[in-house]
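Q: I would like a close look at one part of this model. Please keep it brisk.
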Amino acid sequence: MLHVGARSYLPRVNWIESRAEFPILERKTYLNSCSLGALSQRALGRVAEFHEDWHNYGASAWYETWVGRMSELRGRVAAMINAEEREVALSASVSAALSVLGSAFDYSKRNRVVMSELDFPTAAYQWMVRPGVEVVRVPSDDGISIDPQRMADAIDDRTAIVLISHVFFTTGAIQKTAAIAEAARRHGAFFIIDAYQSGGQVPIDVNALGADALVTGPLKWLLGGPGLAYVFVRDEWIHNLKPTITGWFAARDQFAFDINNFAFKDDARRFELGTPALSTVHAALGGQEIIDSFGVAAIRGRNSELTEQLIARLRDAGMSIRGAANPEDRSALVMIPHDEPAAAVQRLAARRIVVDWRPGYVRVSPHFYNTPDEVDLFVDALIDGRTSSPA
Ligand SMILES: Cc1ncc(COP(=O)(O)O)c(C=O)c1O
C-alpha cells in the first residue's frame with residue numbers, strides 16, 4: 001500500500017497500468033462511475049475468497065474469516081475519512097443508515113430537519129414520513145451549491161438535524177461545510193454529511209468537514225458494488241444516540257442470544273441491524289484496496305485533470321456545464337445541459353460509450369482509470385450526435 005489519507009506527498013501513479021484491473025474498460029468507454037464504479041479483478045478475487053471460505057468452513061467461516069473482514073473494511077473506511085474504526089458501522093444502504101440515525105432523535109423537543117434543495121431525495125424522505133417533523137429545504141442561489149451562510153441562518157434551536165451533501169449528485173459541486181457545522185454545533189443540532197458522491201473521488205476528513213455523522217458507500221467511486229453503505233458517527237455522539245430501529249448486530253452481547261435483555265454496543269456498530277451482504281463486504285474490500293493503494297488525494301488529482309479536459313473540450317464546442325465556477329470546487333461528476341439527454345445517452349451507448357442522464361442533462365463521470373483519449377472520444381461523439389441529429 002502506498003498510503004492511506006496522506007496529503008502532502010502524492011506518488012506518481014501509472015494510471016494506465018491500473019486499467020488491466022477492470023475488464024469493462026476493454027469492452028466499453030466507461031464514463032459512468034458516479035452511478036456504478038467498474039468491477040475490478042481484485043474485487044472478484046476477494047469475492048472468490050468469500051466463496052472459498054464458505055466451501056471450506058460452512059457457518060464457522062463467520063468466526064474464521066468473515067467477522068474479521070467486516071472489521072478490516074470498517075478500519076479501511078475509517079482511515080480513508082480520518083476517523084477511528086470504532087466510529088464506523090456497516091449498513092445496507094444510505095437510506096437504511098439515515099433511517100437508523102434518524103430514529104435516535106426525539107422530534108417532540110426539536111422538530112426541524114434542515115437540508116438543502118440539491119440533496120438526494122432519499123435524504124428528505126426519511127423525515128417527510130415522520131409525523132410532526134418539519135423538513136426545511138434551503139434553496140440554492142445559483143442552482144449549483146448552497147451558500148453556507150444561508151444554510152447556517154436556517155438552523156435554530158428547534159433544529160434536530162442538519163444534513164447536506166459533500167458533493168451534489170445534481171451538479172458535482174463540492175460543498176463548503178465549515179459555517180454549517182459551526183451553526184449546527186452552536187444550536188445543538190446533529191450534523192450529517194451525505195458523502196455518497198465524494199467517497200473515493202474527493203478526500204474526506206470528518207474533522208475538517210465538522211461532521212457529527214457521515215454516510216457513504218462502495219457502489220460508486222469506491223468500486224465495491226451494491227448492497228452496503230458506511231456510517232461514521234463521531235465518538236462523543238455514539239453514547240448519546242439510542243436508535244429506535246435496531247437489531248441483534250447492535251447488541252453488546254450479540255452472541256448471548258438473550259431475548260429478555262438488550263444493551264447497545266459501545267461503538268458505532270450500535271447503528272448496525274442484521275446480517276450484512278457478505279459478498280459485497282468482500283467486493284468492497286477489493287475496491288477499497290485499490291483506492292487505498294493510490295490514496296484519494298492522488299485520485300482527485302487525476303480526476304481533476306480528466307474533468308478539466310472534458311470541460312475545456314465542451315466549451316470549445318460551444319457547450320456549457322451546470323457546475324461550480326472554480327475548478328477546485330468541481331468534482332468529476334459533470335452535468336451537461338441537453339435537450340434530449342435520454343436519446344443522446346442511447347446514441348452514445350450504440351457507440352459503446354457509457355454515460356448517464358438526468359432530466360435536462362447528460363451526466364458524465366470519469367474516474368482515474370479513464371484516459372484523456374476516452375474523454376476526447378466522448379466529446380467527439382456527443383458533438384457528432386448533436387450535428388447529425390434532426391433539429
Ligand atoms: C448522494 C446520494 N445519496 C444517497 C443515495 C442513495 O443511496 P442508497 O440507495 O444507498 O439509499 C444516492 C444514490 O445514488 C446518492 O447519490
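Which polar side-chain atom lies 2.7 Å from a nitrogen atom of the ligand, and what surrounds that ligand?

A: The 2.7 Å partner of the ligand nitrogen is a polar side-chain atom of Asp194. A polar contact here is a pair of N or O atoms within 3.5 Å.

First, the ground rules. This is a predicted model; local features need pLDDT of at least 70, side-chain atom pairs count only at pLDDT 80 or more, and totals for chains, interfaces and linings use all residues. Residues are numbered from 1 along each chain as its sequence is written, and side-chain values use heavy atoms, with hydrogens and water left out.

Two further side chains reach ligand oxygen. An N or O atom in the Lys220 side chain is 2.6 Å from an oxygen atom of the ligand. For the Gln197 side chain, the distance from an N or O atom to a ligand oxygen is 3.4 Å. The protein buries 83% of the 390 Å² that the ligand exposes when taken alone (Shrake-Rupley method, 1.4 Å probe).

Asp194, Gln197 and Lys220 belong to the shell around the ligand, together with Ser93, Val94, Ser95, Phe120, Thr122 and Tyr196 (a heavy atom within 4 Å). By class, that shell has 3 nonpolar, 4 polar and 2 charged residues. Tyr counts as nonpolar, Asp and Lys as charged, and Ser, Thr and Gln as polar.

The ligand sits in the largest pocket (more than half of its atoms lie within 2 Å of the pocket's grid points). That pocket has a volume of about 350 Å³. Of its 21 lining residues, Val94, Phe120, Thr122, Tyr196 and Lys220 are the closest to its centre. A pocket is an open set of points on a 1 Å grid over the protein atoms alone, where a 1.4 Å probe fits, with protein on both sides within 12 Å along at least five of seven lines; lining residues have an atom within 4 Å of a point.

Terms used
A polar contact is a pair of N or O atoms within 3.5 Å; within protein, one must be able to donate a hydrogen and the other to accept it, and residues adjacent in sequence count only if both atoms are side-chain atoms. Grid points are joined across faces, edges and corners, and a volume is the space filled by probe spheres set on the points.
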